[in-house]
Amino acid sequence: MIDYAKKLEEMKIYAKENYVPILQDSSLELIETILEIKKPYSILEIGTAIGYSALHFAKHLKNGGKIDTVEINEETANLAKKNISECEAEDIITVHLSDGEKKMNEFVIEKRTFDVIFIDAAKGQYMKYLELALQLSKTGTVIIADNVLFKGRVLGGYNEHKHRTAVTRLREYLAAIKENEKLESTVLDVGDGVAISVVK
Ligand SMILES: C[S@@+](CC[C@H](N)C(=O)[O-])C[C@H]1O[C@@H](n2cnc3c(N)ncnc32)[C@H](O)[C@@H]1O
């Protein structure tokens, strides 16, 4: 039987050596605590990378619970599938090779809802992901977004061309979750900034 914790440690080292951006320890701790309180039956993740966060999240599912995770990069998605299979978690975690927005739209058509939605992909798409996440939610759904402070650029006066669209979209995301009366939201300066919203 595979040593799950050891495999996760090896994945963390692989991510560091190969410049794969995965959840920072502090953000992961925060999200795992939320998941342990919530004990979700269904999680949707946008941005699988190598499956590191999904494999951590799987420890906190209710019995019989499942994770759908979406990754646009084929090579990365295949590596995630391999890692998930080595952890014998392929019955629990499904990796979808797709654009996040496209897959979310498909889930909307299928009338799927999720207990937790974790947004960790293209920063310029966060507003679109939020709009779709709301359609995939029900009362009590927790929507979590990582990297919302984007290395201090979002709260500071950042206006450089390079990341301007991402910074603008992230600012819009933070304003939208605060203004939406259906959401109870908080933004924490943990890791690269984590936004947590609960659907009322
Ligand atoms: C920050 S990484 C995800 C890290 C992962 N959640 C973890 O903590 O282990 C972001 C991932 O999103 C993927 N991505 C970027 N744009 C995407 C899109 N439009 N749809 C789906 N995935 C996307 C990238 O290829 C990358 O693997």
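Contact here means heavy atoms within 4.5 Å. The structure is a predicted model, in which local features need pLDDT of at least 70 and side-chain atom pairs count only at pLDDT 80 or more, while totals for chains, interfaces and linings use all residues. Residues are numbered from 1 along each chain as its sequence is written, and side-chain values use heavy atoms, with hydrogens and water left out.

**Exercise 1.** Determine which residues F57 touches, and place F57 within the largest nonpolar core.

*Solution.* Step one is to list the contacts of F57, which, not counting residues up to four places away in sequence, are L23, L28, I31, L35, I43, E45, I67 and F118. Step two needs the term nonpolar core, a set of buried Ala, Val, Leu, Ile, Met, Phe, Trp, Tyr and Cys residues joined through side-chain atoms within 4.5 Å, where buried means under 20% relative accessible area, exposed over 50% and partly exposed in between (1.4 Å probe, protein chains only). The largest such core has 33 residues, and F57 is listed with L55, I93 and I144 as having the most contacts inside it. Step three assigns the core to helices (H or I, at least four residues) and strands (E, at least two), which are DSSP runs numbered from the N terminus. Two or more residues each come from α1 (4–17), α2 (25–38), α3 (52–57), α4 (74–86), β3 (93–97), β4 (116–119), β5 (142–146) and β7 (194–199), and the largest share, five residues, comes from α2. Apart from this core lies another, of 30 residues, among them F114, L136, F150 and I177.

**Exercise 2.** Establish how β4 is paired and which of its residues are buried.

*Solution.* Two strands pair if DSSP finds at least two bridges between them. Strand β1 (residues 42–46) runs parallel to β4 and is joined to it by four bridges, with I119 of β4 as the bridge partner of I46. β4 also pairs with β5 in the parallel sense over four bridges, and here V116 stands opposite V142 of β5. Turning to the faces of β4, both are covered, since V116 and F118 on one side and I117 and I119 on the other are all buried.

**Exercise 3.** Describe the largest pocket and the second largest pocket by volume and lining.

*Solution.* On a 1 Å grid over the protein atoms alone, a pocket is an open set of points where a 1.4 Å probe fits, with protein on both sides within 12 Å along at least five of seven lines, and lining residues have an atom within 4 Å of a point. A volume is the space filled by probe spheres set on the points, which are joined across faces, edges and corners. The largest pocket holds about 720 Å³ and is lined by 37 residues, of which V20, P21, A49, E71 and D120 lie nearest its centre. Within that lining, α4 gives the most, with three residues. The second largest pocket holds about 180 Å³, and its lining includes K12, Y19, V20, P21 and Y52, with the largest share, four residues, coming from α1.

**Exercise 4.** State where Y19 and K111 lie and what their phi values are.

*Solution.* Y19 is in the loop between α1 and α2, and its phi is near 55°, a positive value in a residue other than glycine. Y19 is exposed, with a relative accessible area of 75%. K111 is in the loop between α5 (100–109) and β4, where it has a positive phi of about 60° although it is not a glycine. K111 is likewise exposed, with a relative accessible area of 73%.
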